[in-house]
Every structure is written in structure tokens, then in C-alpha cells.
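User: I'd like a close look at one part of this model, and then whatever you can tell me about the helices and loops elsewhere in the chain. Here it is.

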Amino acid sequence: MTVPATTTTDPRSRTDGLGWVARAVFPDERVVLTLDDPPAGHRVVARYAVVPSVDRARFLLPLGAPRAMAAALLSYNALRPPKVRAVRAALGALARAGAVRRLPFPTLTVALPDGVAPADALITAQVTEALGGAPAYAALGVRPPDPNHKPTLQLFDADGTPRGYAKLGWNDATRALVAAEADALRQLPALAGVPDHPLAPGLLAEVDVAQRRVAVVDPLPADIRGVPVGAPPELDALLAVARRGRPAAPARPLAGSSFLTRLAAEAARAAAVEPAGARAVAAVDALAARHGATELEFGHWHGDWVPWNLGRHAGRLVAWDWEHSAPDVPVGFDLAHDAFQRSVVLAGDPVATAARAVDEQLDRYGDRLGLGPARRRAVADAYLLEMWLRTWRLAAAGAGWNPALHPGLLDLMEER
């Protein structure tokens, strides 16, 4: 829902990242957001420092609890790049000393009409109620508008103790991702004793309100450390995710598998509404013709296995962002995804270069996953098709096309 500005300084009227986050987190028309004083008949329920400025906003930091503000800036800095870590550390020190209020950061005021309870109008209040009702302070990062991004509320007690992270789905695409992650996290506690299986945040609560789907998860351990982006893939953990503590599943031909059936059905749905979908149908047919007789092991995958979604705590691997997790995919998909995303995201490579990185990684490590040469090629080709279909699913749900992947992936699959 597009919320009309109730004052000339309501950030929800903006088209930048601040406007996007404000609209997503404060959709109720009764909520007044202003960079000035609220109108008469309204009471202030929260204030945020807009850092560093309205036009270049990067953070909304809760005012009124210096320790909570400091914790929002200092928590998990070991997971961040050095430059970002340095800026947040400096701001965190100022926040801890109570000095941020004296800096020239604009203040965003959240107000409600007299008589309207916060839990009736504020997502932040409803999330707090879902966590037991004790007061909590929310901090928000501000990113450029993107229909695939999900605002995340960092929730802290007044003393800076982390309460949880709330990921907010606000359109069809992001609501589906938040729901998928919640479903995955509900299943993972049963795997805690599986050797080499990564730890994952627990699911604390789910909230559905104002066409928003919110999943609240445990905070990560305070002393967690990131996995270096150049580290080799965690093969034992990948297999633990794929097999869930069970022995290797018997290999089955790709032809006739439920996986290939799903790809064909999704490609057909894409073709019904999107001109490029016909190319996906052809790609599924080509995959079946080329690799139909290849026998593969099928299992689960994390779905976004990349170094920036991994950390280490107390000698254990920790994985988060399970929103693309799914069963019944060829074992090796997470290994392929790791190579593909490192190439596209970190190096900025075109998809053809990223596909070569997938081939090279599967050639290097595939034997550890039971992948001989024919299986490696089948896994790589099936993964690239899966990625285009993911790109289409997000676009069809309102996220728009990812220009780094479309139409490049279709071109690449035809060339391969």
C-alpha cells in the first residue's frame, strides 16, 4: 500500500531508500512520520536519528536508549568489511557515550493519534508483542530501493541486549521468501545433532500484519566471526545439508525425477505469461535430452550458500538466510551456487564467466560429493536453469528482473 504523506516532511513520500524503508515498515495511514514536530492531537511513540542525513540515509537509530543504539552499530561488526566496520565502530562509541543526540543528525519522529494503541498501528510494536511484550528498540538499515530487498529490524533491550532480528516481507516476492525461510528454520532444530550440519538462528515468532509477513529470528552469537570470502567451500557441511544425517541417497536418472518435472512446470508457467518463458521451456527440453539418462543424487540445499551468509562460533559453522532452501535438488547445487555468486557478486563477472567458475569448482571438488564428469556437467547445467527460474519467480512476484542474470542466463544456456 502506498501511504500518502501526512506532512510535507513525511519520508514515505520520497523515492529513495529512506522512502522505501519508511513505506515498508510504517504502512498504516494513521502513523505520522515527520522530520518536524508532529501535529496536534498526536503523541510521539518513537524517535530515530537519520544517519548521516536525510538525502544519504544509511541507518535509522533509536533515540532514547544509548546502549541500544550503540549495540545496533557495534553488534556483529566482525562480519562486516573493514571500512564499514570502522565507521560503525566510531559511531557506536559516540552512541555509547550518549553523544549521537548532540550531533547534527536529523530526527525522524513517529507519532500516533491520541487513542490509537501502538500495537494497533505499528509493526514494530506487534513484533515486540510477539516476543513477549517487553519494550524493545528497533534499528533499521537503509538500502537503495529494490523490490527484492527486505527491511530488517534489529531489536534490542534498553541495555543493548539483542532480542532478535525481524525480516519483513512487503510484496509478493519478499513475503514468499520470508515464509520460506520461516518454514526452513522450523525444520532445522531437528538436525542440530547431525555431524557437520551448520547451526542456524532459531525462529522466534512470525507476524502477519498490514500485508506484511515478518519472521523474527534469534540474534547471532555475539562473538561470531565471518568466513573469509576466499575460503574454500565447506564440503562436509554442504553434504550434511544435502543429506540431513542420512546416508547418500541412491542415484536416480534426471529424466522422470520430480526435480525435472518441477522445472518443466515452472518453465511452462513462465511461458504462459512471459515471452522469454518459451526459451526456458526449450532449455528444460535440452537439459532432458542432454542429461536425462545421467543418474544423480537428490537432496536438500541451503539455496544461498555464500561466504557472506556463513560464520563461525565456538568451532561450529553457522549459516543464515535460508529463504531459498528447498528439498529434492541435485546434490552439488550449493557448491555450484557458491562459485556462481562469488563470481557475479564479488567479481562483477558476466554470467558466462560465472558459469565457467561453476564448472571449475565442480571439477575441483565434485569427487568429494560423488560427482563424476557426467554428473558435474548435469549439475552445472541444471543449476543455471534453476537460477533463471528463480530470477523469473522473483520478477513475476513483483521484484523485477535482475539485469545481471536476465537475459544473460538464457543466452548462456542456449550456447551451452
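What volume does the second largest pocket have, and which residues lie closest to its centre?

Analyst: Bear in mind that this is a predicted model. The second largest pocket comes out at about 390 Å³. Its lining is made up of 20 residues, and Val45, Ala46, Thr124, Ala136 and Tyr137 are the ones closest to the centre. If you want to trace the walls by element, look at β2 (42–51), α5 (123–130) and β5 (137–141), each of which gives two or more residues to the lining. As for the chemistry, 15 of the lining residues are nonpolar, 3 are polar and 2 are charged.

Follow β2 out of the pocket and there's a backbone oddity to look at. The peptide bond between valine 51 and proline 52 is cis, with omega near -5°, and proline 52 sits in the loop that links β2 to β3 (59–62). Most peptide bonds are trans, so a cis one is worth a glance.

Another backbone point turns up in the loop between α6 (172–187) and β8 (203–209), where you'll find aspartate 196. Aspartate 196 has a positive phi, near 70°, though this residue isn't a glycine.

Now for the helices. The axes of α10 (residues 333–346) and α11 come within 8 Å and cross at roughly 140°, which makes α10 oblique to α11. The crossing is right-handed. On the α10 side, the contact uses Leu335, Ala336, Asp338, Ala339, Phe340, Ser343 and Val344; the α11 residues include Val351, Ala354, Gln361 and Tyr365. Counted by class, that contact holds 12 nonpolar, 3 polar and 1 charged residues.

α11 (residues 351–365) also packs against α12 (residues 373–399), at an angle of about 145° and with the axes 10 Å apart. This crossing is right-handed too. From α11 come Ala355, Val358, Asp359, Leu362 and Asp363, while α12 brings in Arg376, Arg377, Val379, Ala380, Tyr383 and Leu384. Here the tally is 7 nonpolar, no polar and 4 charged residues. Ala355, Val358 and Leu362 of α11 take part in the contact with α10 and also in the one with α12.

Past α12 there's a second cis bond to note: histidine 406 and proline 407 are joined by a cis peptide bond, with omega about 5°. Proline 407 lies in the loop between α12 and α13 (408–415).

Definitions and conventions:
Residues are numbered from 1 along each chain as its sequence is written. This is a predicted model: local features need pLDDT of at least 70, side-chain atom pairs count only at pLDDT 80 or more; totals for chains, interfaces and linings use all residues. Side-chain values use heavy atoms; hydrogens and water are left out. Axes are lines fitted to C-alpha atoms, for helices over the stretch in contact, and angles run from 0 to 180 degrees between N-to-C directions. Helices (H or I, at least four residues) and strands (E, at least two) are DSSP runs, numbered from the N terminus. A crossing is left-handed if the near helix is turned anticlockwise from the far one by less than a right angle, and right-handed if clockwise. Contact means heavy atoms within 4.5 Å. Ala, Val, Leu, Ile, Met, Phe, Trp, Tyr, Cys and Pro count as nonpolar, Asp, Glu, Lys and Arg as charged, and the others, Gly among them, as polar. On a 1 Å grid over the protein atoms alone, a cavity is a set of points where a 1.4 Å probe fits but cannot get out, and a pocket is an open set with protein on both sides within 12 Å along at least five of seven lines; lining residues have an atom within 4 Å of a point. Grid points are joined across faces, edges and corners, and a volume is the space filled by probe spheres set on the points. Angles under 35 degrees count as roughly parallel, over 145 as roughly antiparallel, 65 to 115 as roughly perpendicular and the rest as oblique.
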